[in-house]
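Let us walk slowly through one protein chain and look at how some of its charged side chains pair up.

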Amino acid sequence: MVGKMINGDSISIATSESLQVEAMYGSDAVVRAGSNVDLGLFRGQLQCEAEGDANIRGIDGQIAIQSHSGNIHLHVNSLTKGNASNHSGEGDEDADGTHTIFAKKGNISCHLDPEAKINCYCEGSKTSKS
């Protein structure tokens, strides 16, 4: 699925293929893709689950991101406290208001605002923050 911009209070996208969207603005967004997820800009609360790579730039809000077999690349502008818990039970936001990124088989690369706090978990891979 390819899109230019998606807006809405409650966004739910599930596709068996890849998802590519240049910008998404939503109070509450749930994204599930059978392959890769590529979001150019995101504002709001995001729960993202990808079978492949997850590449999300310009994050401004709350996040819970999980990849089953790919790499996760994030560029975070700012994060807000809240509940961005992933319904799968993994990648949940921690009780102290931090946001969690979970890669089952891939690597995680995060470019963060200096004030942002994210917990990154990799099973058998590397994590890098800059």
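Is Arg57 buried, partly exposed or exposed? In this predicted model, Arg57 has a relative accessibility of 32%, and therefore counts as partly exposed, because the term buried is kept for values under 20% and exposed for values over 50%.

Arg57 is a good place to begin, since its side chain has a partner: Arg57 forms a salt bridge with Asp38, and the closest N and O atoms of the two are 2.7 Å apart. Arg57 belongs to strand 5 (residues 54-67), while Asp38 belongs to strand 3 (residues 37-39), so the bridge ties together parts that lie 19 residues apart in sequence. Asp38 is also partly exposed, its relative accessible area being 22%.

Strand 5 takes part in another pairing, for Asp60, which lies in this strand, is linked with Arg43 in strand 4, 17 residues apart in the chain. The two residues form a salt bridge in which the closest N and O atoms are 3.4 Å apart. Asp60, at 25% relative accessibility, counts as partly exposed, and Arg43 counts as partly exposed at 40%.

From strand 4 (residues 42-50) the path leads on to strand 2 (residues 19-33), because Glu49 in the former and Arg32 in the latter, 17 residues apart, form a pair that links distant parts of the chain. Their side chains meet in a salt bridge, with 3.4 Å from N to O. Here the partners fall into separate classes: Glu49 is buried, with a relative accessible area of 16%, whereas Arg32, at 29%, is partly exposed.

These three pairs are among the 4 salt bridges found in a search of the whole structure.

Key: Residues are numbered from 1 along each chain as its sequence is written. This is a predicted model: local features need pLDDT of at least 70, side-chain atom pairs count only at pLDDT 80 or more; totals for chains, interfaces and linings use all residues. Side-chain values use heavy atoms; hydrogens and water are left out. Helices (H or I, at least four residues) and strands (E, at least two) are DSSP runs, numbered from the N terminus. Buried means under 20% relative accessible area, exposed over 50%, partly exposed in between (1.4 Å probe, protein chains only).
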